[in-house]
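Dear colleague,

I am passing on the structure we spoke about, with the sequence alongside. Please open it before reading on, as my notes follow below.

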Amino acid sequence: MLSPAQLTQFNQQGYLVIKDFISPTQRQTLIQRAAQLIEAFEPPEKRSIFTTDEQQRSSDDYFLTSGNAIRFFFEEKAIDNNGNFTVPKQQSINKIGHAQHRLDPVYKAMVKELGFSDLGLALGIKKPRALQSMHIFKQPSIGGEVGLHQDSTFLYTQPKSCIGFWLALEDATVENGCLQALPGGHTIALKQRFKLSNNGGTEFESLDDSPWPEQPLELLEVPAGTLIILHGQLPHYSAANTSDRSRQAFTLHLVDDACDYPTDNWLQPTA
Ligand code: FE2
């Protein structure tokens, strides 16, 4: 599935770009399925759920149990201070996650069809486990920035094993917030781990407090249909979407089931 040259590239730079991985029909299948799910989604009455403590707790629960559900997370700028939408519902969603690859027949079939498990095996995962999926929208004008991070922070195993698959469902350009990555940055230490805290909620545990390498990020502008495979420790980032076009992507993260999955990881999908 992967050539020796591709494996070498992945091992050297921590990411691999594969053009035309997914057909226009397959892309449309996922884009349309997401639109259907959003259409059927009833936004909660209290959309100011991000503002008060009580409401914060329920939004935490909504987030923390999303490993076994299909949940809808709003763009920050989609809701004003009074809890009203600033955009139509279809343009309000930041992402859908995190278990559609297990719970939704369309996503489930597509993940199987695209052979991510085999790719995981080719990349050295012994027992691929699809831990989470996300449909990311990066909505026109309001799609938020995602700060520099390593995916193993959120998908942690001992030893570390996470590999991310990022599929461009639409063209990703600098204007609409394409991925940016630090070439070779997967060799640095994992900086932090996002986990359940003792008093409920979540926290970041610092594992390495050295600064990020001072090296420019590479812009990964890619046409729709491209797959980008990301090493779990590769630092990557995406800017806010300042354009009038969305930048939809589907992501799937594999970990190795042969590794230990700590019980205080924030994401606790049932087997
Ligand atoms: Fe990421």
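Which residues are the protein donors of the iron ion? In this predicted model, the donors are His149 and His236, each through NE2, together with Asp151 through OD, and they lie 2.1 to 2.2 Å from the metal. Along the sequence these donor residues follow the spacing H-x1-D-x84-H. Asp151 and His236 thus come from distant parts of the chain, 85 residues apart, with Asp151 in the loop between strand 5 (146–149) and strand 6 (163–168) and His236 in strand 12 (residues 236–238). Asp151 counts as buried at 7% relative accessibility, and His236 is buried as well, with a relative accessible area of 4%.

Turning to the nonpolar interior, the largest core has 37 residues, and the members that touch the most others are Phe21, Phe116, Phe165, Leu227 and Ile229. The element that gives the most to this core is helix 2 (residues 24–40), which supplies five residues. If you wish to look at one member, Leu227 is in contact with residues including Leu16, Val17, Ile18, Phe21, Phe116 and Phe165, leaving aside those up to four places away in sequence. There is also a second, separate core of 13 residues, and among them are Tyr15, Leu179, Leu230 and Ala249.

As for charged pairs, a search of the whole structure gives six salt bridges. One of these joins the side chains of Arg33 and Asp104, at 2.6 Å from N to O. Because Arg33 lies in helix 2 and Asp104 in the loop between helix 4 (100–103) and helix 5 (105–114), this pair ties together parts that are 71 residues apart in sequence. Arg33 counts as buried at 19% relative accessibility, where the cut-off for that word is under 20%, while Asp104 is buried with a relative accessible area of 2%.

Glu205 takes part in two salt bridges that you may want to view together. With Arg193, the closest N and O atoms are 3.5 Å apart, and the pair links strand 8 (residues 192–196), which holds Arg193, to strand 9 (residues 202–206), which holds Glu205. With Lys195, the N to O distance is 3.5 Å, and this pair again links strand 9 and strand 8, with the two residues 10 apart. Glu205 is partly exposed at 29%, whereas Arg193 is buried at 6% and Lys195 is buried at 14%. These three residues belong to a network of salt bridges that also takes in Glu203 and Asp264.

With best wishes

Definitions and conventions
Residues numbered from 1 in each chain as written. Predicted model: local features only at pLDDT ≥ 70, side-chain atom pairs only at ≥ 80, totals over all residues. Heavy atoms only, no water. Donors = N, O, S within 2.8 Å, 3.2 Å for Na, K, Ca; no water. Helix = DSSP H or I, 4+ residues; strand = E, 2+ residues; numbered from the N terminus. Buried < 20%, exposed > 50% of the residue type's maximum accessible area, 1.4 Å probe, protein only. Core = buried A, V, L, I, M, F, W, Y, C linked by side-chain atoms within 4.5 Å. Contact = heavy atoms within 4.5 Å. Salt bridge = Lys/Arg side-chain N within 4 Å of Asp/Glu carboxyl O.
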